[in-house]
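Subject: Handing over the structure

Hi there,

Here is the structure I promised to pass on to you. Please have it open while you read, and my notes on it follow below.

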Amino acid sequence: MSINETQDEIIEEFEGLTDWMDRYAYIIELGGTLPPLPESEKTPENLIEGCQSRVWIVAEEKDGKVIFRADSDALIVKGIVALLLRVLSDRTPDEILGADLYFIDSIGLKEHLSPTRSNGLVSMVKQMRLYAAAFRAIDQAGGKPA
């Protein structure tokens, strides 16, 4: 399934939830599906700057695709990062870097988040794109860090 197909699937899921309390409950439920990161990965290097709550994102490349894992100490934020992982994880660096993440606006997420949570969302996306750019640079350098 492509990034856009995944986003369309998420939009469809949210269309059935017209009340924002139901949407928040669903986002929290999605966060509950994320396996927790081991404490050894909850390091300052993996902590996302600019988030109101603590969010850790870890990335590795396998077979040319970026695999993300993440965790947060806030239920709603954990759900938001679960949505981002669903869309961006297991994709090539180029797919991640070229993605238009229209689902965020389509489901009304940005407008229903506090300014600090909205900034955190932007920071999470930025960090995921930075990981993708780093893996692409390594791949272009022949598999060696630049």
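Which residues does M124 touch, not counting residues up to four places away in sequence? The list is I48, C51, V55, I57, V77, I80, V81 and L84. Before going further, please keep in mind that this is a predicted model, and that the values below are all computed from it.

**The core**

M124 is a good place to start, as it is among the residues with the most contacts inside the largest nonpolar core, together with I57, F68 and F103. That core has 45 residues. At least two core residues come from each of the helices α1 (3-15), α2 (20-31), α3 (75-88), α5 (103-106) and α6 (115-140), and the strands β1 (55-62) and β2 (65-72) do likewise. The element that gives the most is α3, with 10 residues. As general background, nonpolar side chains tend to be buried together in soluble globular proteins.

One of the partners of M124 deserves its own look. V55 sits in strand β1, and with a relative accessible area of 0% V55 is buried, because the limit for that word is under 20%. Apart from neighbours within four places in sequence, V55 is in contact with N46, L47, I48, D71, S72, V77, V81 and M124. If you want a distance to check on screen, the C-alpha atoms of V55 and P44 are 10 Å apart, with their positions 11 residues apart along the chain.

**A cavity beside M124**

How many cavities of 30 Å³ or more does a search of the whole structure find? The search finds 1, and the space inside the largest cavity is about 40 Å³. M124 turns up here again, since the lining consists of C51, Q52, S53, V77, I80, R117, G120, L121 and M124. Both α3 and α6 supply at least two residues of that lining, with α6 giving the largest share, 4 residues. Sorted by class, the lining has 5 nonpolar, 3 polar and 1 charged residues.

S53, one of the lining residues, belongs to the loop between α2 and β1. Is S53 buried or exposed? S53 is buried, because its relative accessible area is 14% and the limit is under 20%. Setting aside neighbours within four places in sequence, S53 is in contact with S72, D73, A74, V77 and R117.

**Loop residues at the surface**

The loop between α2 and β1 also holds T33. Unlike buried S53, T33 counts as exposed, at 58% relative accessibility. The side chain of T33 reaches the backbone oxygen of L30 at 2.5 Å. For a sense of scale, the C-alpha atoms of T33 and S123 are separated by 22 Å, and these two residues are 90 residues apart along the chain.

D100 can be found in the loop between α4 and α5. Its relative accessibility is 51%, and D100 therefore counts as exposed, the cut-off being over 50%. Leaving out neighbours within four places in sequence, D100 is in contact with N4 and Q7. D100 and Q7 are 93 residues apart in sequence, and their C-alpha atoms are 9.7 Å apart in space.

**Two positive phi values**

Most residues other than glycine have a negative phi. Two aspartates here have a positive one, and both are in loops. D63 has a phi near 50° and lies in the loop between β1 and β2. With a relative accessible area of 82%, D63 is exposed.

The phi of D90 is near 65°, and D90 is located in the loop between α3 and α4 (93-98). Is D90 exposed or only partly exposed? At 44% relative accessibility, D90 is partly exposed, because that value falls between the limits of 20% and 50%.

If you have time for a single view, I would suggest M124: this residue is among those with the most contacts in the core, and it also helps to line the cavity.

Happy exploring, and all the best

Note on methods. Residues numbered from 1 in each chain as written. Predicted model: local features only at pLDDT ≥ 70, side-chain atom pairs only at ≥ 80, totals over all residues. Heavy atoms only, no water. Core = buried A, V, L, I, M, F, W, Y, C linked by side-chain atoms within 4.5 Å. Buried < 20%, exposed > 50% of the residue type's maximum accessible area, 1.4 Å probe, protein only. Contact = heavy atoms within 4.5 Å. 1 Å grid on protein atoms, 1.4 Å probe; cavity = no way out; pocket = protein on both sides within 12 Å on 5 of 7 lines; lining within 4 Å. Points joined across faces, edges and corners; volume = space filled by probe spheres on them. Nonpolar A, V, L, I, M, F, W, Y, C, P; charged D, E, K, R; others polar. Polar contact = N/O pair within 3.5 Å; in protein donor to acceptor, adjacent residues only side chain to side chain.
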